[in-house]
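This report is a short introduction for a reader new to the structure. The sequence and the model are shown below.

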Amino acid sequence: MQFSVQTQAFYGAGLNFGDALPSDAVSITEDQTNKFYKAVNSGCYIYLTDGVLTASEARPDNYHSWDSDNNTWVLTDVAAEQQKQDQIAAAENEKENRVNAALQDISVLQLKLQAGRTLTSDEITRLNIVLDYIDAVTAIDTSTAPDITWPTEPGSSS
């Protein structure tokens with residue numbers, strides 16, 4: 001078996017790849033094949049250090065890219081900004097989902113009020129708890145994502 005750092009790919013021994021075989025492909029043992037196959041499939045990058053193939057740590061996340069000069073995963077400024085924007089978008093989505101779920105929870109109470117009915121004291125308490133929760137969720141600053149502590153949902157035991 002052969003392995004290419006350039007393509008991060010394995011090439012079967014005895015097969016004729018012609019010009020398609022990368023110039024950096026080197027022969028590896030069966031043990032190395034198994035080790036590097038598992039590593040590559042676990043998100044690691046195989047690189048040469050002092051002429052020896054080495055597996056990196058797993059890629060931290062999809063925002064990190066491999067820095068071949070330093071043989072490490074890096075988070076570029078552009079990727080960090082994209083990660084932050086994605087975290088904010090996810091937090092905004094979570095915020096919207098939480099408010100919608102809370103509104104659904106009190107929809108019958110709202111309907112009763114709109115119909116001019118009187119709520120029981122338990123219903124008024126429930127309505128106020130859910131409205132306070134909605135206020136707390138709405139006040140969340142999603143620009144601090146992912147460092148957000150969400151308020152406890154009404155009726156949950158946490």
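## Helix α2

In this predicted model, helix α2 has eight residues to look at from the start: A79, Q83, I88, A91, K95, R98, V99 and A102 are buried in it. Part of the cover over the buried residues of α2 comes from α4, residues 121-138.

Helix α2 runs over residues 77-105, which is 29 residues. At 1.5 Å a residue the expected span is 42 Å, and the C-alpha atoms at its ends lie 42 Å apart, so the two values agree.

## Nonpolar cores

The largest nonpolar core has twelve residues: F3, V5, I28, F36, A39, C44, Y45, I46, Y47, L53, W66 and W73. Two or more of these residues come from α1 (30-41), and likewise from β4 (46-49). Another core lies apart from this one; it has ten residues, including I106, L109, Y133 and I134.

In soluble globular proteins, nonpolar side chains tend to be buried together.

## Contacts of F36

Which residues does F36 contact, leaving aside its neighbours within four places in sequence? They are F10, I28, I46, L53, T54 and A55. F36 itself belongs to the largest core, as do I28, I46 and L53.

## Strands β4 and β5

Strand β4 and strand β5 (residues 52-55) run antiparallel and are joined by four bridges. L48 has L53, in β5, as its bridge partner. L53 is also a member of the largest nonpolar core.

The two strands form a hairpin with two residues between them. In this hairpin D50 has a positive phi, near 55°.

Key:
Residues are numbered from 1 along each chain as its sequence is written. This is a predicted model: local features need pLDDT of at least 70, side-chain atom pairs count only at pLDDT 80 or more; totals for chains, interfaces and linings use all residues. Side-chain values use heavy atoms; hydrogens and water are left out. A nonpolar core is a set of buried Ala, Val, Leu, Ile, Met, Phe, Trp, Tyr and Cys residues joined through side-chain atoms within 4.5 Å. Buried means under 20% relative accessible area, exposed over 50%, partly exposed in between (1.4 Å probe, protein chains only). Contact means heavy atoms within 4.5 Å. Two strands pair if DSSP finds at least two bridges between them. The expected span of a helix is 1.5 Å times one less than its number of residues.
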